[in-house]
Amino acid sequence: MKQKAKKLFQQIYLTGKNFNRNGLWESAASCSFGFLLSFIPVLMIIVSLCAGILRVNEKALQYVLSLAARFRHIYDVEPFLQNFMKIRGFSWMEIVLAVWIVWMARRFFLSIAQGMYRIFRSVARPVPFVLQFMTFVAELLLVLALIVIVMVSFLLEELFSNASLVFLYDIFPDFYNISSTILAEMLFYFVIFAFCAAIYRYESRSKPKLRLCLACSLACTLSFFIVNIFYNLFYDMSRVNLVYGTISAIIFLMMKVYTFFLFFLFFAQFVYVSQRYETLFFGELYFLDETEEADFWTRVKRFLFIQPISVASFENKIHYMAGETIFSENDKANAVYYIVNGTVEESMHGKIAVRKKGSFIGERSTLITKYRVYTAVARTDVELICIPQDKYLDFLTNNEAAQAKFIRKITR
């Protein structure tokens with residue numbers, strides 16, 4: 001359990017570091033503005049489709065209007081809906097117009113795709129046509145999901161107000177007291193959960209495990225739900241209206257949307273870190289300060305990564321007693337070693353160097369000469385982690401800073 005907790009903290013650290021390095025603060029803002037640009041056309045298509053489906057029921061139309069009225073401070077959709085209701089039946093022109101509105105609103109999903117590319121660019125590169133097609137399909141599916149929420153919300157409203165079902169109150173009083181609005185909100189958060197899971201699973205194009213995607217989607221949804229509660233509790237709308245006027249609703253909406261996309265991209269980055277955890281972990285090991293005397297944050301980093309228990313296994317964890325030879329000169333070099341504990345003595349042509357805990361040995365010979373150019377002996381009892389040549393090469397290939405450090409090592 002202790003090892004799992006430490007691994008989780010390591011993953012959170014790596015997620016935060018890569019989140020900041022990839023500039024995902026700006027990507028979250030881009031997604032928020034993309035949402036704002038797409039909001040009005042998407043709202044128009046959702047309301048018009050709901051009205052078209054439910055137009056035979058006057059009560060249903062009033063319910064759709066009451067839902068649309070909640071966004072009147074952003075866009076008053078009622079005049080558009082009144083004109084729309086004058087149309088009797090759908091023609092091909094209305095269908096083409098609906099598809100065109102959704103297509104023009106694709107900016108939202110393009111922003112998401114760009115944010116995901118910043119995270120997963122080392123894994124897969126998007127094909128422009130496929131990206132456009134997936135963006136269109138994703139937005140269409142989201143619109144359909146929101147329409148289903150509206151319709152289910154209306155049906156629940158009708159169910160709870162049906163006089164013939166009053167007897168249920170005596171049998172299930174707690175359930176009966178749950179309003180359709182709350183159930184509709186639950187459906188809304190379920191759509192967010194499903195949306196995040198689908199994006200993490202398919203938009204990353206890195207084939208993450210479904211279990212990982214579902215866990216990160218749940219964490220994202222719960223985080224946004226909790227923060228949203230605090231926003232609603234402590235946000236004084238009347239005061240903000242006094243200062244900012246009519247744009248206060250848009251500011252409040254943008255604040256919520258930006259917060260959601262911070263969570264969304266953070267957990268997308270967590271998916272990436274979980275998939276490439278071992279490579280990223282060795283990257284942190286590679287840049288650890290080998291001296292114990294360092295500033296506070298360096299000591300925190302050393303505490304998290306200096307003991308690589310989470311990546312050690314029976315296959316790659318090796319122990320040597322003091323005096324034992326780890327490898328000899330002219331041995332075939334097919335792995336790099338990391339010193340977890342103890343000290344190692346390197347000897348070549350009478351010259352001796354001592355490597356301590358936190359050092360790598362055997363790098364140059366593994367990648368360049370292919371044969372050992374010196375002998376390494378355990379000066380004390382040592383514990384090593386063996387990093388195969390292919391994994392070490394993969395790490396260097398995807399880390400420019402590590403490449404620069406490796407070049408400095410072999411040229412000095």
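## Exercises on strands, cores and single residues

Strand E3 (residues 335–341) is joined to E8 by 6 bridges, and the two run antiparallel. Helices (H or I, at least four residues) and strands (E, at least two) are DSSP runs, numbered from the N terminus, and two strands pair if DSSP finds at least two bridges between them. The model is predicted, so that local features need pLDDT of at least 70 and side-chain atom pairs count only at pLDDT 80 or more, while totals for chains, interfaces and linings use all residues. Residues are numbered from 1 along each chain as its sequence is written, and side-chain values use heavy atoms, with hydrogens and water left out.

**Exercise 1. Find the strands that are joined to E8, and decide whether E8 is enclosed or not.**

Solution. Begin with E3, where Val336 stands opposite Ile387 in E8. Then turn to strand E1 (residues 317–320), which is joined to E8 by 4 bridges and runs antiparallel to E8; here His319 has Glu383 in E8 as its bridge partner. Finally, consider burial, where buried means under 20% relative accessible area, exposed over 50%, and partly exposed in between (1.4 Å probe, protein chains only). Of the 7 residues of strand E8 (residues 382–388), 6 are buried, so E8 is largely enclosed by the rest of the structure.

**Exercise 2. Give the order of the strands in the open sheet, and name its edge strands.**

Solution. The open sheet is formed by 4 strands in the order E2-E7-E4-E5, with antiparallel pairing. Its edge strands are E2 (325–327) and E5 (351–355), each of which pairs on one side only. On average, neighbouring strands of this sheet are turned by 30 degrees against each other, direction ignored, where the axes are lines fitted to C-alpha atoms, for helices over the stretch in contact, and angles run from 0 to 180 degrees between N-to-C directions. Within the sheet, E4 (residues 344–348) and E7 (residues 375–378) pair in the antiparallel sense over 4 bridges, and Glu346 stands opposite Ala376 in E7.

**Exercise 3. Describe the surroundings of Thr343, starting from its place in the loop between E3 and E4.**

Solution. Thr343 is buried, because its relative accessible area is 19%. Next, list its contacts, a contact being heavy atoms within 4.5 Å: leaving aside residues up to four places away in sequence, Thr343 touches Val354, Arg355, Lys356, Ala378, Arg379, Thr380 and Val382. As a last step, compare Thr343 with Lys357, which is 14 residues away in sequence and 6.3 Å away in space, C-alpha to C-alpha.

**Exercise 4. Identify the largest nonpolar core and the helix that gives the most to this core.**

Solution. A nonpolar core is a set of buried Ala, Val, Leu, Ile, Met, Phe, Trp, Tyr and Cys residues joined through side-chain atoms within 4.5 Å. The largest has 56 residues, and those with the most contacts inside it are Ile112, Tyr200, Phe260, Phe261, Phe264 and Tyr392. Helix H13 (residues 248–275) gives the most to this core, with 13 residues. A second, separate core of 14 residues includes Ala335, Ala376, Val382 and Cys386.

**Exercise 5. Decide whether Ile12 is buried, partly exposed or exposed.**

Solution. Ile12 is found in helix H1 (residues 2–21). With a relative accessible area of 37%, Ile12 is partly exposed. Although Ile12 and Ser274 are 262 residues apart in sequence, they are 9.7 Å apart in space, C-alpha to C-alpha.
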